[in-house]
Amino acid sequence: HAGRHLLRTFLLEQGLPFDATNAILGHQSAGRELFNPYLPSNPGDAWHAFRRLSDKLAQQLGWPLEAE
């Protein structure tokens, strides 16, 4: 749980919109996945930003990045 908060704080500090962080981390009520009120208008862009920022966080923590 602490890791989720660390990631959320980092993503918000890096400028990822609030609704995108909620959608990525699954902050929603059970059973509302289909009608997720936090779904960003362009989920693809949010996921690309998440990938870029999660790689940046891994580098800051000294973790090796996986090869694509």
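Asn22 counts as buried in this predicted model, because its relative accessibility is 3%, which lies under the 20% limit for that class. The residue has its place in helix α2, and its side chain is joined to that of Arg8 by a polar contact of 2.7 Å.

Arg8 also appears around Leu25, which is in contact with Arg4, Leu7 and Arg8 when its neighbours within four places in sequence are left aside. Leu7 and Leu25 both belong to the largest nonpolar core, a set of twelve residues that further includes Phe10, Leu11, Leu16, Ala20, Ile24, Ala46, Ala49, Phe50, Leu53 and Leu57. Helices α1 (2-13), α2 (18-25) and α3 each supply at least two residues of this core, and α3 gives the most, with five residues. In soluble globular proteins, nonpolar side chains tend to be buried together.

Not every nonpolar side chain is placed in that core: Leu6, Leu61 and Trp63 form a nonpolar patch on the surface, and together they have about 320 Å² of accessible area. Of these, Leu61 is found in helix α3, which covers residues 43-61. Leu61 is classed as partly exposed because its relative accessible area is 39%, a value between the limits of 20% and 50%.

The two residues whose accessibility is discussed above are set side by side here.

| Residue | Helix | Relative accessible area | Class |
|---|---|---|---|
| Asn22 | α2 | 3% | buried |
| Leu61 | α3 | 39% | partly exposed |

Methods: Residues numbered from 1 in each chain as written. Predicted model: local features only at pLDDT ≥ 70, side-chain atom pairs only at ≥ 80, totals over all residues. Heavy atoms only, no water. Patch = residues over 30% accessible without salt bridge, like charges linked within 9 Å, V, L, I, M, F, W, Y side chains within 5 Å. Areas by Shrake-Rupley, 256 points an atom, 1.4 Å probe, with all protein chains shown as cover. Salt bridge = Lys/Arg side-chain N within 4 Å of Asp/Glu carboxyl O. Helix = DSSP H or I, 4+ residues; strand = E, 2+ residues; numbered from the N terminus. Buried < 20%, exposed > 50% of the residue type's maximum accessible area, 1.4 Å probe, protein only. Core = buried A, V, L, I, M, F, W, Y, C linked by side-chain atoms within 4.5 Å. Contact = heavy atoms within 4.5 Å. Polar contact = N/O pair within 3.5 Å; in protein donor to acceptor, adjacent residues only side chain to side chain.
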